[in-house]
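Work through the exercises below with the model open. Try each task before you read its solution.

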Amino acid sequence: MTKLLDVKGLHTYYGESHILHGVNFEILPGQAVSLMGRNGMGKTTTLKSILGLVPPRSGHVVFQGEEITGLPTWQRMRKDIAYVPEGRGMFHNLTVKEHLEMAARSNRKGEQNWTCERVLETFPRLQERLSNLGTQLSGGEQQMLAIGRALVTNPELLILDEATEGLAPLIRKEIWEVIRTIKASGISTLIVDKNIQVLKELCDQHIVLVKGQVVFSAGSSQLMQSLDEVESYLGV
Amino acid sequence: MNTQVSLDLQVMLETQGLCKYWGGLKALDDISLQFFDKQLHGIVGPNGAGKSTLLNLLCGHYKPTRGSILHKGEPIETIKPWAFARRGIGRSFQKTNIYPGATCLENCCVAVQRRMGGSFNFLRSRYTQKVLDEIATEALEKVGLGHRRDVVASQISYGEQRQLEIAMVLATAPEVLLLDEPMAGMGHEESQLIIGMLNKLKREYCIVLVEHDMDAVFELSDQLTVMVDGQHLTTGSVDQVRDDPRVKEAYLGQGDEVF
Amino acid sequence: MLFNKRTERIFFWVFFPLALLMPLFLADNTFFVSKLTSIMIFALFVMSLDYLVGRCGLITLGHAMFYGLGGYLFWMIAPEYEAVNFWVYTFYICMIAAGVALIIGFLVLRTSGIYMIMITLAFAQMAFYFFSDSIDFGGTDGLFIYVKPETSIFGLSFFDLDNPTHFYYLCLLSLFNTLVFFRVLIRSRFGRVVDAIHENPGRTTALGYNIFVFRLMSYVIASALGAYAGYLFTLQYGFVNPSMLAWTTSGSALVMSILGGMGSIYGAILGTFVYEGLHYVLEHLTEHWMLFMGALIITMVMVFKNGIAGYLEKLLEKRA
Amino acid sequence: NNEPIKVGMMLPFSGVYGALGDATRNGLKMALQEQMSKLHGRKIEYIEIDTEARPERAPEIASSLLNNSEADFIIGPVHSGVAMGMLKVLRGKDTVMIVPNAGAGPVTGPLCSPNVFRTSFSSWQPSYPMGNVALDKGYKKVVTMSWNYGMGKESLDAFEESFTAGGGEIVKKILVPFPKTEFQAYLSEIASINPDAVFVFFAGGGAVKFVKDYDALGLKGKIPLLGSGFLTEGTLEAQGSAAEGVLTTLHYADSLDNEQNTRFRSSYKQQFGKASDIYAVQGYDTGLMIASAVNQLGGNISDQKALIKALESTTVRSPRGDFTFSPAHNPVQNVYLRTVENGENRVVEIAAPALADPARGCKL
Amino acid sequence: MTTSLFLVQLINGLQYGLLLFLIASGLTLVFGVMGILNLAHGSMYMVGAYLVWYFVEHTGSFGLSALISAVIALLIGILMERTLIRQLYRRNHLDQVLLTIGMIFVFNALQGLLWGNDPLGVAVPAALSSAIPVTDVLEYPVYRIFVALLCVGIAAVMYFMINKTRLGMLIRAGESNREMVECLGIDIRKLYTIVFAIGVMLAAVAGVAAAPMSSIVPGMGEHILITCFVVVVIGGMGSIKGAFIAALLVGLVDTFASVLVPQLSSMMIYILMAFILLIKPQGLFSS
Ligand SMILES: Nc1ncnc2c1ncn2[C@@H]1O[C@H](COP(=O)(O)OP(=O)(O)OP(=O)(O)O)[C@@H](O)[C@H]1O
Ligand SMILES: Nc1ncnc2c1ncn2[C@@H]1O[C@H](COP(=O)(O)OP(=O)(O)OP(=O)(O)O)[C@@H](O)[C@H]1O
Ligand SMILES: [Mg+2]
Ligand SMILES: [Mg+2]
């Protein structure tokens, strides 16, 4: 099976400070992968490096067999990657409806499984707030919208950065359900989250970052075996 | 802890029939609550229930559509936003709200200086005031950010910024602490640190905590209020609320607690 | 330390000694002394604007109103054919300008961002038309000041304002004082709050600061100094004209302040000298000076990320 | 003495007044070129500085020409505000200042000075005779209109002075904020007043716009348009047919039938590829005046008193007809009544022969 | 004021307002919606007028000249964005001020070099050169009515495009968070180039439309620039509807102030703006 995403030897800097020290990992089609680590270990930086938002100084990113390292961000996203950023990235001058409409498109295969309507069904809370501006939503509503906005691009790979932050337990469950569903439909996800209990059960692969280096990378069963080690990395 | 004990305590903050409407939307509808000194009052509820709105009203960020807010018995809903903080009502924000271009220390110094005065001193250098620095450093250490003291705030990670957010509130040393999802985005260890800290602080302050991390809320709260759709659903001790079927249905969901 | 950046200290130790000695080299050319004087006067004005825009985040396009007011006020309050005391009138003019700024600031500071730019412009334009439409104030032809003030303090007079070199030193002293004043202000606890408000006004309010008061004070201070610059300008040649209040004057000052490096204060001096210097050289070289001036400005924006001061800092600051 | 004579020019070479500055400079240079032989071997060195029509810069530039360039003559400006700024520095100095355009009254009025000359006009001059012209035509009720600035107001006042003295009535005086060119509202109002005639002062781009609007809104055939001559100077091409028939008074007209004028016009056209206008004439006369004085003094202009004497006694053989200087150093000149015909300002008659500015307040 | 004069002035005011909107429309797009502070907007207005004059001189056809001028303006816009403006998105807003002031200098100098300083005029195209009598004395030129209609058309198209189409949403989103738009797979750079160029073109088109009814002079763009900003800001940043209403308001206020309170007419639009901003510090219709 060809890899969906292959990340090889990423070295990323912010100005002079060296943040990622050769991050390697891969995602197979249909897999859900978790990326864990304590605050400031470089999770977000890894995601941004993959997307080209913070271009790495060296290393490669290969998506579906294509080298995408040098491409501008938008071209990478056009290869059906979707991103839910930390901090949500709302547009202050667009309504909820417009957030979804502007993003909606079918993927490269021409499929459009996630439409605006489906997102609104999944998050009925948003349905009520259709004409509110993005920044007028409550924190959790914004989070739902950010996820919905990513889904309507019908990605092959969905990247979530702390996407359940600030969500009520019920909704959080809902999100995990959604991830299960899309996983079942063959879509891969790369999840940054702190909820190891859920991740260990939901994800097939687990990656732990410490100071910009991958210190643990294995499947769920191995995770269960070395749970103590991983928890110590995470400071649980 | 139960409500009987609370009754002996002084009411720090009180809302009476508080309403906030956004156009047709009733973000808060007729909320009457009491917050006691030396207690931690947890507020939970589904997304969009109006929790942040309530905090925003309590700290003067928004003006209520109707109803009043009493601080130590005095109505304060009409005073200016900055006067709330001067009365000792401090808050942290759900969306990180710091001075990104300043060092962590400077972030806290701004907060400390409000309390220590001298803001209209045009001549005295801000850098020669060791007292301020000490208090600010202390606040940073309390939240576990001591090692980041001299790093510019925009260069620390998101989780660390969340920590800084709390440190800034602590630095103002308020009587009433309004915390809006302080643990969101924080790692496990840091959350534990904050929980430990809140556990200590609640013996001195009146704390209002909005949080979706149920473990933390259940552990910390002396009183717990559940809000749904701008309405007050119930208030009571943790145990009372946890077992309330309405709460389960609206907020917690059935089954596994870890979610 | 008053100047916390190395670049700033270097600038300080290069500029002021040089400026102090300059008239000695130019002894026989009164024009260059006057030219440098007028650049310094404008630099003082730009500095007051730089504090507002770069430090307080209060962008105004109406600052020239105070510049012009400084000039007109002197004409209004000083007797026409009698030498008044310079220091006393400095005090009067700054106070009146501060009073005007208090009222206008009270109104304009309710807005922010682009809206504030435009509302300050609105007030400045009203003032502009007030002076240029009014026959009593000389209309578009402007007014002459016939007698310059004397500068004695307790009977001792150091400067003779009719002597260009003396006037030069008076302006240099003013520029020096203003720079030091702003540095002290910025370094102070007041300055800390000002910085905080600039960076995140909402948060600063939440911490309990009445940001309006801080902004208003800053506005008043900067306006009074702006008026002082206008007063000096008027005294230099004894001429007041409504074009001092025109929005283009505010615009030029803004350009110089951005060019120098917003918020750095000493950048105002750099920006003004570079801009005025280029202007002078180019306009004597070619009739099409605008083309070269424009091209140079464009190049400078592209090259200097934070103005000239920012560029120098990149070169001179030790890496942390 | 073989050093070049330094001629400093303070004129606007860019912006709204740019065209005026250009024309003045062209005329000046042309005259000095032509008079080369009379300069007793002295060359001319030009120092040209763009005033940008910014009065607040004027004192500084003037002092630059005076002290730094040490110019022998300072020519300028176009804009009255700038003139005031220059005067502040140059009044009473050794160097001669010659104003080739700005009409501000005070220059040869209360602020007159031995070293300051004007080769153009005082704003009173071209407009004053129009009052009598209007009376002659039998107009009783007139609306006057101009930009709300010094020159405009002085022009309207001069017209009003002669017009009301002869029994005319100004039914409305409209002052438009400078440099606004939205005239529609005012013209509608004029149409509703329906006066016997309209007298205006506008120049440059504003004049173009005004004349076009006056025509476009249909007033032209119905209410006669009178103006101070600047209304149709340097603007005729842009105004096109809209300007045909407009009556103006000025100290010059394209069609003046004298040898100087014919020669001047054809060689100007040849050198600069466009028709000359009053601004070019004024520049030209400034050149003639300098040349004549230099000639009289045999090339030695170092004696200030003598130079001023020479200038004062000059009779300028100008394309506008010969003129001399009043004691206040303002031209004593004919003012012509002109009408636009086939894109040219044609003389109708001499509206006021050898008209001198009253020079109110001048103690020379 | 008689009723008929009142009505005439009302029409004058509306017509002036519509013309203002036309001139400000490009600024609304570039500054209001995209958030780019382009002070060279007025210069492009001037360039449009000079271009159309130049081509009318050479081709004799106003329509053709207008078309060529618009295309050239579009190209200039693309060039400006590609080479200069683009570098500044990540920087302080005020750097855009400096950059575009530099551009004003360059445009002014080029205008002087290419076309000289003499005032120029363009004749009203023959097809539109008639006039409709209004009162005994006054008539109304058809060309002005045509321009007014053009303004209404442009306003409608812009409103629809910005508020109702996906393109409009993308542009607005770009103003709020460029990075995020790119994260949705949209080539925001190209989009911004095009929209910026359209804004520049609109400025030039306004210059083209105004050319036959005004004079083409150096610096004509600078006078109008401030008024354009007044319109955009009174209307509220980013609101097409706001800009449209503000333009009409400014037109009407200016017209009536000219005849009713001439002493204040120079200040009137500033008084209006100060008044509106004191009551609504974010303009009339800001989002
Ligand atoms: N813009 C920036 N400039 C400089 N350093 C930065 C910047 N952003 C992040 N860093 C540094 O990079 C490191 C990694 O940050 P990153 O945001 O990737 O952490 P993270 O693992 O996502 O943490 P969190 O869980 O808190 O979001 C941190 O130490 C932070 O200080
Ligand atoms: N400025 C505003 N304009 C209009 N509606 C608003 C505004 N601010 C908040 N709302 C609405 O008010 C409701 C309550 O919002 P609030 O932020 O108080 O929710 P919350 O309980 O804090 O939710 P969360 O847990 O998701 O943060 C939400 O539905 C939100 O969309
Ligand atoms: Mg992160
Ligand atoms: Mg909330």
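For the class counts used below, Ala, Val, Leu, Ile, Met, Phe, Trp, Tyr, Cys and Pro are nonpolar; Asp, Glu, Lys and Arg are charged; the others, Gly among them, are polar. Keep in mind that this is a predicted model.

**Exercise 1. The shell around ligand 2**

Task: Sort the residues around ligand 2 by class, and say which come nearest.

Solution:
- Step 1. Collect the shell: 22 residues lie around ligand 2, taking a heavy atom within 4 Å as the cut-off.
- Step 2. Sort them. Five are nonpolar, twelve are polar and five are charged.
- Step 3. Pick out the nearest. They are A:Ser138, A:Gly140, B:Lys51, B:Ser52 and B:Thr53.
- Step 4. Read the chain letters. Residues of chains A and B surround ligand 2, so the site is shared between chains.

**Exercise 2. Polar atoms and cover**

Task: Find polar atoms of chain B beside ligand 2, using B:Trp22, B:Asn47 and B:Gly50. Then state how much of the ligand's area the protein covers.

Solution:
- Step 1. Start with the nitrogen partner. A nitrogen atom of ligand 2 lies 3.5 Å from a polar side-chain atom of B:Trp22.
- Step 2. Turn to oxygen. The side chain of B:Asn47 places an N or O atom 2.8 Å from an oxygen atom of ligand 2.
- Step 3. Check the backbone. A polar backbone atom of B:Gly50 is 2.8 Å from an oxygen atom of ligand 2.
- Step 4. Add the cover. On its own, ligand 2 has 640 Å² of accessible area, and the protein covers 93% of this.
- Step 5. Name the elements that give two or more residues to the shell. Chain A supplies helix H6 (139–151); chain B supplies strand S2 (25–36) and helix H2 (51–58).

**Exercise 3. From helix H6 to the sheet of chain A**

Task: Place H6(A) against its strands, then trace the sheet.

Solution:
- Step 1. Follow the helix. H6(A) lies across S6 and S7 of chain A, at about 175 degrees to S6(A).
- Step 2. Join those strands. S6(A) and strand S7 (residues 157–161) run parallel, with four bridges between them. A:Val84 has A:Leu160 in S7(A) as its bridge partner.
- Step 3. Write the order. Six strands form an open, mixed sheet: S6-S7-S8-S3-S9-S10.
- Step 4. Mark the edges. Strand S6 (81–84) and strand S10 (213–219) each pair on one side only.
- Step 5. Gauge the turn. Neighbouring strands differ by 15 degrees on average, direction ignored.

**Exercise 4. Chain contacts**

Task: Which chains share the most contacts?

Solution:
- Step 1. Compare the six pairs in contact. Chains C and E share the most contacts.
- Step 2. Set aside pairs that do not touch. Chains A and D have their nearest C-alpha atoms 36 Å apart; for chains B and D, the closest lie 35 Å apart.

Technical notes. Residues are numbered from 1 along each chain as its sequence is written. Chains are lettered from A and ligands numbered from 1 in the order in which they are written. This is a predicted model: local features need pLDDT of at least 70, side-chain atom pairs count only at pLDDT 80 or more; totals for chains, interfaces and linings use all residues. Side-chain values use heavy atoms; hydrogens and water are left out. A polar contact is a pair of N or O atoms within 3.5 Å; within protein, one must be able to donate a hydrogen and the other to accept it, and residues adjacent in sequence count only if both atoms are side-chain atoms. Accessible areas come from the Shrake-Rupley method with a 1.4 Å probe; for residues, only the protein chains shown count as cover. Two strands pair if DSSP finds at least two bridges between them. Axes are lines fitted to C-alpha atoms, for helices over the stretch in contact, and angles run from 0 to 180 degrees between N-to-C directions. Contact means heavy atoms within 4.5 Å.
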